[in-house]
Amino acid sequence: MTKPLITVVGSLNKDLITRTSRVPGAGETLTAESFATGSGGKGANQAVACARLSKHDIHSPPKVSINMVGAVGDDSFATELIRDLERDDINTDAVQTIKNMNTGVSVIIVEEQSGENRILFSPGANYSLESDHVLEVLEGPDHPNLVILQLEIRLELVLRILEFAKQHGIEVLLNPAPALELPETAYPAISHLVMNETEAATLSGKSGNDWEAVARRFHDLGVKNVIITLGGEGVFYASGERRGRVSGEKVKVVDTTAAGDTFVGAYAVSVVSQTADRDDVDIEQAVRGANKAAAMTVQKKGAQEAIPYLGELPG
């Protein structure tokens, strides 16, 4: 039996992570608790999450094939990013190397006490990913069961991919981070819209916490499944007439950097695994599993290094 295929189109960044007791004010200098580097980017993180959450442990074969499409510069950061993806059995053949460009970088500040982070994203080569290259990959012989997108690549490219996917009947999961307003014509191409509270407010234009109203707005625009992550408060989901809320997991938060990306990866793997056996998807099942995976991630430091394997999740 052919494995389901998830194609992730998105960013690859080198993470520069500073941990501090608090964020400094304007003009203030603080001594940090620690500094580290790591592999990241929302696209790469979500690809790693898909790979790890489709296998029991590091030695197990993945149950889902993962294809990464993105761009890096011609520098040492690029070599490290590609190496780390391939270590997780991710196909990197479609990652472009852009000459005379820097690889994308994310400068991340993590507050030690809360685990909350602030991120400055410098796109570098991510913004030079070529539309024709991406569409050539999607048109290839390996037809993806699901395409995952974020907004750390050019919005123009994201919109073109959405249009292509709609024309060719390819399901798309969009994680609209960083949050940007989208044209209404983009939404009918989105099968799964997975976002946090801030992103939901930005895209819907609705403030407050009436998640039913927010979901209706996106359903009216053509989105099939709306998922809103609420941090420690859990997750709200709406799929057709089905809607509900999954409570947050009670854990000690160390670092939230890759929590959202882990959620997306776990959710995506559940969706394609379910549709391999039947036509419909149990959204609540996918959300509950993703919620548990994200809760595991926040208990560790870092981005990709914090993402768990399926076998690490509680039963």
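How much area does the chain expose, and what share of it do carbon and sulfur atoms supply? In this predicted model, the exposed area of the chain is about 14,000 Å², and 48% of that area comes from carbon and sulfur atoms. Of the 315 residues, 55% count as buried.

The overall dimensions were examined next. A compact globule of 315 residues would have a radius of gyration near 20 Å, and the value of 18 Å for the chain therefore agrees with this expectation. Along the principal axes, the C-alpha atoms fill a box of roughly 55 × 45 × 40 Å. Eight helices and 13 strands make up the secondary structure assigned to the chain. When contacts between residues at least 6 apart in sequence are considered, 68% join residues at least 24 apart. Charged side chains number 29 positive and 43 negative, and the centres of the two sets are separated by 4 Å.

Strand 1 spans residues 5–9 and is mostly covered, with five of its five residues buried. In a regular strand, side chains alternate between the two faces of the sheet. In strand 1, Leu 5, Thr 7 and Val 9 point one way, while Ile 6 and Val 8 point the other way; the residues of both sets are buried. Strand 1 is paired with strand 4 (residues 65–73) through five bridges, and the two strands run parallel. Within this pairing, Leu 5 has Ser 65 of strand 4 as its bridge partner. Strand 1 is also joined to strand 8 (residues 146–149), here by four bridges and again in parallel orientation. In strand 8, Ile 148 stands opposite Val 8, a residue of strand 1 that points the other way from Leu 5, Thr 7 and Val 9.

A second element examined in detail was helix 6, which covers residues 211–221. Its buried residues are Trp 211, Ala 213, Val 214, Ala 215, Phe 218, His 219 and Leu 221. These buried residues pack against both strands and a helix. The strands involved are strand 10 (192–196), strand 11 (225–229), strand 12 (235–239) and strand 13 (242–246), and the helix is helix 5 (197–204). Just after helix 6, the backbone at Gly 222 takes a positive phi of about 115 degrees.

Definitions and conventions
Residues numbered from 1 in each chain as written. Predicted model: local features only at pLDDT ≥ 70, side-chain atom pairs only at ≥ 80, totals over all residues. Heavy atoms only, no water. Rg over C-alpha atoms; globule rule 2.2 N^0.38 Å. Buried < 20%, exposed > 50% of the residue type's maximum accessible area, 1.4 Å probe, protein only. Contact = heavy atoms within 4.5 Å. Areas by Shrake-Rupley, 256 points an atom, 1.4 Å probe, with all protein chains shown as cover. Lys, Arg positive; Asp, Glu negative; His and termini not counted. Charge placed at Lys NZ, Arg CZ, Asp CG, Glu CD. Pairing = 2+ DSSP bridges.
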